[in-house]
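Work through the exercises below with the predicted model open. Each task is followed by a solution in steps.

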Protein chains: 2
Amino acid sequence: MTPPTPPRTLWLDDRSRVMTLDQTRLPFEQIVIELDSQAACGHAIRTMQVRGAPLIGAVGAYGLAFALRSDSSDLGLQKAFEALLASRPTAVNLRWALTRVADRVRVLAPHERAQAAWDEAGVICEEDVTCNRAIGVELAALLSGIAQRREGADGRALDVLTHCNAGRLATIAYGTALAPFYLLERISAPVHVWVDETRPRNQGASLTAWELGQSGVAHTVIADNAGGLLMMQGRVDAVIVGCDRVAANGDVANKVGTYLKALAARAHGVPFYVACPTSTIDLQARDGEAIEIEARDGRELSHVAGRLADGSRAEVQLVPDGSATFNPAFDVTPAALVTALVTERGAIPASGAAIARLLNTRGQG
Amino acid sequence: MTPPTPPRTLWLDDRSRVMTLDQTRLPFEQIVIELDSQAACGHAIRTMQVRGAPLIGAVGAYGLAFALRSDSSDLGLQKAFEALLASRPTAVNLRWALTRVADRVRVLAPHERAQAAWDEAGVICEEDVTCNRAIGVELAALLSGIAQRREGADGRALDVLTHCNAGRLATIAYGTALAPFYLLERISAPVHVWVDETRPRNQGASLTAWELGQSGVAHTVIADNAGGLLMMQGRVDAVIVGCDRVAANGDVANKVGTYLKALAARAHGVPFYVACPTSTIDLQARDGEAIEIEARDGRELSHVAGRLADGSRAEVQLVPDGSATFNPAFDVTPAALVTALVTERGAIPASGAAIARLLNTRGQG
C-alpha cells in the first residue's frame, strides 16, 4: 500500500495499524513497515527506522496506545511509558509525547484508556501537520515575494538552498523547511532546490533528495562546499533551514554547517529563513552560547554507508587508521544573520523582543 | 624501499628509475611504483596514480627523458612530447614541464639529449622543492608570530585549519599549504591541524590526513561543515590553503569550499593565508570573475570509494537515482578576505599593486 497524498510519513491502515517507512533503508529501498504493538513501535524508534523529533514522538504515542490495549492498568501504563522512553532516552519530543498521552488517559477508567490514547496520538499527529503546513504557507508567501521582486519576471525558477533534512521524513507530513515545496501551487514561480549533501550523515543527499524526488520537486544535490560559490554567482534566491533549538535571543542551533551558509547568505544579500515551530524555541537558553553542542561518534565521519553496484548495502572507511576525527553535530547561527524565524504563527525577526512578543512572555529587557 | 627524509613524493633509485607512490591506493595502501619508461610515466599520469600540478609536470619531464633514451631524433622527441601531453591534456603544468625539457634538448645533438632531459627533469624537481620549502619557512614564521601574540604563552598547540591537499603528495616535497608542518622546528609552539574532509573528492580525509600522519603531525579530520563552529569557539588560530590560480588583483581560485572558510575566518578575525607559488599567479586573469570554474562529473559526489571491512576497496552510491547533481571543482575567494599571499619570495598583501610589485610588472593603475 502506498502513502496518502500529500505524502505522509506516518499513516493508519484500515485495520488500525500504524504504517511508516523504514528510513534506514532509504534512499535506495522504500520499505513500508507496519507497527501493531508497543514492541514494534519501540523497536522502530530504537533502531532509527523512524527519526526526526515529531515522528519519534508520534510513534511513541501510538506505542503507548497499543500497550493499553492489552494492559490498561495503572501499572501497565507506567511500564509501557518507561519501556518506550528507554527506546531513545535523549529524545525530548518522545518524552513530551508520552507524557501528553499518559496524562490524558491516567484520569480515565482503564477500559477507556486504549481508545483515548489512540485518539490523543492522532491529535498529536494532526497538530504536527497543521503546524508544518502553516509554516509552509508562510514560507511560500515569502518565496513568492522574492520571485515578484526579482528584475525581469522571466519565468526563471526560484533557486532555494537547504541544508540537512527538515522535511516530511522528520515529521508526519510537510516537514518544516521543506514544507513550501509541498505547496508549490502557492509560490508564484517555478522552484528548484539546491540540496546540501550534509556531511557527515548525508541527510540531504539521501533523505531530502529522496523525498523531493518522490514528490516531483526539481532539485540538485551539491557538496556542502558549493553553496558559497553558488551564492557568489547569483544562483541562490533564498536559504531555508530547519532548527534543533532556538535561543531566547533568536540564535539558532541547527545541523553543523548551517552557520557557514548563513555567513555566505549575508555576504551576498540572500534571505536566510529558519523554519521554526514555536515548540523549538527554548526560553531557558538565553543565547547560542547556552546551547551545548553535542559531539557525535567520529565513525559517522570516518565511514560512510551506501549502495554497492550489486544493490547491496555496505559501509566503507574514508579516513586512514590513526587519524583522529571530531564530529560536532550542530552549530549556532547568530540571530543577526537570520532574516526571519518562520513559525506556525507567522514570520518574525530573530530577536529576543519579537520572540517574547510572539510567545506572549515578558522580554529580557 | 622507503622514501627519503624529509619525505619526497618522487625520488630516484640507484638504477635511475623514478619512484613514486600510487596515490589511487592511498590512504589504505602505500604502494611504491617504479617508472622506467615513457609508457609507464604516461600511464601513471593518465590513471591518476600521480596527481597535483608540480608532480604531474615532473613525471612528464622524466617520461620525456626515458623516451629519448630509445629514440633521440627530432621526430622521436616530438612524438613523445605529444603522447605524454595527451595523458592529461588539460594539465597546464604538464605542458609547461614538457615544453621546458623539449626546448632545452632540441638545440642539442641527439646523443646528448637523453642525459640533458634527465638533468632538466631533476632541475624542475629541485626548483619545486626549493620553492615549497621557502613558502614553508615563510608560513612557519607567520605561525610563530601568531603563537607569540597569543595571550598567555601557555604551551597550547596552535590550531591551523586547512582545506583539500596542498601537501607534499601534490608536489615533489613539502607541498605548499602543508609545508610549515614539515618544518615544525621553526614554529614557536606545538601545532595541531584541523583537516577538512574536502568533499566531494575527500582529498583532506584521505591524502592530507595520510601524509600528516606519516610524518607524525598532530591532526584531526573534520567535516567541511564544522569549520565555522570551530572558529566561533576560538579553536582555530589560522587557516592555510593552497591555490589553483590567483588573479592579477589577488582573487584566489582554490578547491570548492575555500570561500566559505574565508568568510568564517573574516567573521572571527582568524588570519587566512594562501600558499601561493608565484607560478600560480595568472596576470591574464584580471580578477576572479575571469577564472572559469570547472564543473566535474557528478559521480564524484553521488558515489564514494573507500575500504570495506575486509580490506578491499569498493565504491558505494550515496545519492538516489534520479536526483541531479552539480559538482563545481573550485570557488573564488575575493582578495579582500585573504590576509596574505605567501609566495616563495615572501608574504605579500593580496592586491593588484603588491602582486605587480612582486612580479616586477606594471600595475593596472
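**Exercise 1.** State where Met48(A) is placed, and classify its exposure and its phi.

Solution. Step 1: Met48(A) belongs to the loop that links α1 and α2 (53–70) in chain A. Step 2: the relative accessibility of Met48(A) is 29%. Buried requires under 20% and exposed over 50%, so Met48(A) is partly exposed. Step 3: phi of Met48(A) is positive, about 60°, although the residue is not a glycine. Step 4: for comparison, most residues other than glycine have a negative phi.

**Exercise 2.** Carry out the analysis of Exercise 1 for Ser16(B).

Solution. Step 1: the loop between β1 (10–12) and β2 (18–21) of chain B holds Ser16(B). Step 2: with a relative accessible area of 31%, Ser16(B) is partly exposed. Step 3: Ser16(B), a residue other than glycine, has a positive phi near 55°.

**Exercise 3.** Find the omega of the peptide bonds from Leu26(A) to Pro27(A) and from Arg199(A) to Pro200(A), and place each proline.

Solution. Step 1: omega from Leu26(A) to Pro27(A) is near 5°, and the bond is cis. Pro27(A) sits in the loop between β2 (18–21) and β3 of chain A. Step 2: the bond from Arg199(A) to Pro200(A) is also cis, with omega near 5°. Pro200(A) sits in the loop between β5 (191–196) and α6 (203–214) of chain A. Step 3: as background, most peptide bonds are trans.

**Exercise 4.** Decide whether Ser87(B) is buried or exposed, and describe its surroundings.

Solution. Step 1: Ser87(B) lies in the loop between α3 (74–85) and α4 (92–106) of chain B. Step 2: its relative accessible area is 5%, so Ser87(B) is buried. Step 3: leaving out residues up to four places away in sequence, Ser87(B) touches Gly42(B), Ile45(B), Arg46(B) and Leu94(B). Step 4: a polar atom of the Ser87(B) side chain is 2.5 Å from the backbone oxygen of Leu84(B).

**Exercise 5.** Describe how α8(A) and α8(B) are arranged and which residues meet.

Solution. Step 1: the axes of the two helices, each covering residues 258–267 of its chain, come within 9 Å and cross at roughly 85°. Step 2: angles of 65 to 115 degrees count as roughly perpendicular, and α8(A) and α8(B) are therefore roughly perpendicular to each other. Step 3: Tyr259(A), Leu260(A), Lys261(A), Leu263(A), Ala264(A) and Ala267(A) meet Tyr259(B), Leu260(B), Lys261(B), Leu263(B), Ala264(B) and Ala267(B). Step 4: the residues of this contact comprise 10 nonpolar, two charged and no polar. Step 5: eight of the 10 residues of α8(B) are buried, among them Thr258(B), Ala262(B) and Ala265(B). Step 6: after α8(B) comes Gly269(B), with a positive phi near 65°.

**Exercise 6.** Identify the residues that touch the most other members of the largest nonpolar core, and the helix that gives the most to it.

Solution. Step 1: the largest nonpolar core has 88 residues, and Leu10(A), Leu64(A), Leu143(A) and Phe181(A) touch the most other members. Step 2: helix α5 (residues 110–149) of chain A gives the most, with 15 residues. Step 3: beyond its neighbours within four places in sequence, Leu143(A) is in contact with Leu158(A), Val160(A), Pro180(A), Phe181(A), Ile187(A), Ala238(A) and Ile240(A). Step 4: a second, separate core has 78 residues, including Phe66(B), Ala117(B), Ala121(B) and Tyr174(B).

Key: Residues numbered from 1 in each chain as written. Chains lettered and ligands numbered in written order. Predicted model: local features only at pLDDT ≥ 70, side-chain atom pairs only at ≥ 80, totals over all residues. Heavy atoms only, no water. Core = buried A, V, L, I, M, F, W, Y, C linked by side-chain atoms within 4.5 Å. Buried < 20%, exposed > 50% of the residue type's maximum accessible area, 1.4 Å probe, protein only. Helix = DSSP H or I, 4+ residues; strand = E, 2+ residues; numbered from the N terminus. Contact = heavy atoms within 4.5 Å. Axes fitted to C-alpha atoms, helices over the stretch in contact; angles between N-to-C directions. Parallel < 35°, antiparallel > 145°, perpendicular 65-115°, else oblique. Nonpolar A, V, L, I, M, F, W, Y, C, P; charged D, E, K, R; others polar. Polar contact = N/O pair within 3.5 Å; in protein donor to acceptor, adjacent residues only side chain to side chain.
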